[in-house]
Amino acid sequence: ITTTPVESTITTTPEATTINTSSEASTQTSTPETTTITSTPGEITQTTTPEITSIPKATTIASTPAISPGTLTPSLTPEQTVPTTIPLAHTIPTLKPTTITSMFTPTTSTLSSSPTSIRPTIMSTTVILTTTPNITTPTSTPTPVTTPTTTTLTTLSTTTITTTTTATSLSACVPIRLIRIHLISVRSTEMSVTWKVKNAQAGVSYKVTLFRGAAKMLTVTTSVKKAVFRRLLPDVKYRILVSVESCTQQRTLEVTVRTRARVFKAKTRIRNRRFLSEYRDQTSPIYRRFVKDFIEDLVSRLSSRLRRLHQLFRLRILIIGLIPGSVTVDFDIVLSTDENVTLSETREIFTDSLSKSTQFDIDLGNTTLADRDSCQPGLNDCSGNGICIRQNASYTCQCNAGFNDTSPSVPGRKCEDIDECQTGINTCSDLAACTNTPGSFSCLCLQGTNDINSTNPGTNCSDPNTCFTIEDTCALFQCLTNNGCPPKKIFKTTITLLSKLFSNELKNPASDDYKSLTAEIRTALVPVARNRLNDSTFNITIVGFQNGSVLVNLLILLNNTSNVTANTLKSVIADAIRTVDNQSSVNVAGAMPVTTLAPTTSQTVLTEQTPSDNSGFKVATIVLGVLLGVALLTILALVLTMVCMMKRFGRYFISGSDMLQRFNYTNI
């Protein structure tokens, strides 16, 4: 027979395990040979032994033995499941006779018991396992036909399986990343999950493992990113582990989920029992025997409906502890949320059962039954970033503000912090640094910027370059520093670096680009200017950079007694800045005499008169020269006019208006 054997390992733990896989219409049900039920304080522990290994790919396994009372079978239903590889030799533990019907489509693998290769044929095989200790996997050699054939095995032998592995090149392999597990639904006896991955690849299998506490319930392999777990216990915390191997790397992700339930808190006093010291040890045989007897006695007189729910594990009685005072039993009654049983109905039925006990003398006056507060620590699975909301005997959860619920269909269990700095959902200024904090964020104005609203830091930061539009240098200094004017001469200077390219990094005084260019300009200007001006106090304050190639806004500060002019500074700065950019240009505004006090709105700040700047005198001289030239031309015109009159009339004649004195000139 040509088949591809695979492995699907089921470990039956506290609840007997059923795996329903739908990889290629395959299902599997197994029933342990022996089941021991032991009542414990927190749960009913079931001990089972077999580990069943099966079967080829595309296999349907259905076992039909009846489930005995006290047996609960959780099941996992991943979609399109690919089972793992079967071991070459595996020991089958003792099983009671069980009929297993398998239907499979063989593919490519070689079994040593059947060396002849045949075409794939749909087959139906009935396998009867006999009770045989310490033997290897049974094999059969059915005759391949087009119709199902039944073969009964009476002999068990060792089967050697040879599998072929195809090597995959990992040179350009991008490993799969598991991002998060989403909860699709969580009920009392069923839950379903899916998981989000990055760099998903076709044909990759995911291994899904279900844990209850430290006990591994089952493991299955699936090629789809979804799994459904059924036949679970209500109010039990399960852990789901998803793992994938990609590019020789093992990636894992897990989530803890508590199944839904309605839980009633009960307490009753037993008068005919004396408290023993062994009752303090919940692992002692005496404690376990007492718990078992109490639960069996209590359940025996419940209504038929509740007894049926107890058999199906939809109703559970959990002993929390035994308390001195004769013997007081503290216990929980756990009900599936799918069952419509009210608190009053539960109280009535359980009180009636306790009162009719012949084994225990119940003190009904010291018997209580009420809704449990499941919002107490340890009794719910709400996220640490969420809140628990009590709903009578149950609860729900809700994520805190600032956290995103990644599984909204099961609210408040998976709350992830919202990075307001990445999403842009923040009130920070464009000139502030945003820092994400759990559930919130904080803002801080960038170094070199001004925080206008200190009560709400980082929300209103001003750009120093906007201050540079102020003409009054004293007001400019106040805008930049929020301080009064210093006892210095201040020169407002702009340098254009034509060969430099502006970047957004130059807007941030904390960036490396900003610090680097600032240091380069300071190194180029300060030593040269101090030397040429013979002024050791010369210093500059770089206000900021703006776009336009790169515009450098800076203030030059000199002693108030300095006689250095704007033109002199411009020449010195222009020469010095060429070491930074030989295509630069410099503009220096006039200096202003300032005091240590800022001018008020009624003060007028005068511009310093510089002796070497005589442009006004030159203008006046030019104007006077023009006026004198016009006067001379006027006189010349009058002289020429009189000469012409003399030649024509033989006399000079000049006449004014009637309001002016008349003058007559005759030849003398």
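Among contacts in the chain between residues at least 6 apart in sequence, what percentage join residues at least 24 apart? In this predicted model, the figure is 63%.

**The whole chain**

Begin by selecting the entire chain and colouring it by secondary structure. The view should show nine helices and 37 strands. The chain has 668 residues, of which 42% are buried. Now display the surface. About 35,100 Å² of the chain is exposed, and carbon and sulfur atoms supply 54% of that area.

**Strand β20 and its two partners**

Next, select residues 262–270, which form strand β20, together with residues 327–335, which form strand β22. These two strands run antiparallel and are joined by nine bridges. Add residues 362–371, strand β23, to the selection. Strand β23 also runs antiparallel to β20, and six bridges join the pair.

Which residues pair with F264? On β22, the bridge partner of F264 is I333. On β23, F264 stands opposite D371.

**Helix α8**

Finally, select residues 566–577, which make up helix α8. This helix has 12 residues, and the distance from its first C-alpha to its last is 16 Å, close to the 16 Å expected at 1.5 Å a residue. Show the side chains of A566, L569, V572, I573, A574, A576 and I577, which are buried. An α-helix has 3.6 residues a turn, so residues three or four places apart point the same way.

To see what surrounds them, select two strands, β32 (488–497) and β34 (550–559), then helix α7 (512–533) and strand β35 (585–588). The buried residues of α8 pack against these elements.

Conventions:
Residues numbered from 1 in each chain as written. Predicted model: local features only at pLDDT ≥ 70, side-chain atom pairs only at ≥ 80, totals over all residues. Heavy atoms only, no water. Helix = DSSP H or I, 4+ residues; strand = E, 2+ residues; numbered from the N terminus. Expected span 1.5 Å × (residues − 1). Buried < 20%, exposed > 50% of the residue type's maximum accessible area, 1.4 Å probe, protein only. Contact = heavy atoms within 4.5 Å. Areas by Shrake-Rupley, 256 points an atom, 1.4 Å probe, with all protein chains shown as cover. Pairing = 2+ DSSP bridges.
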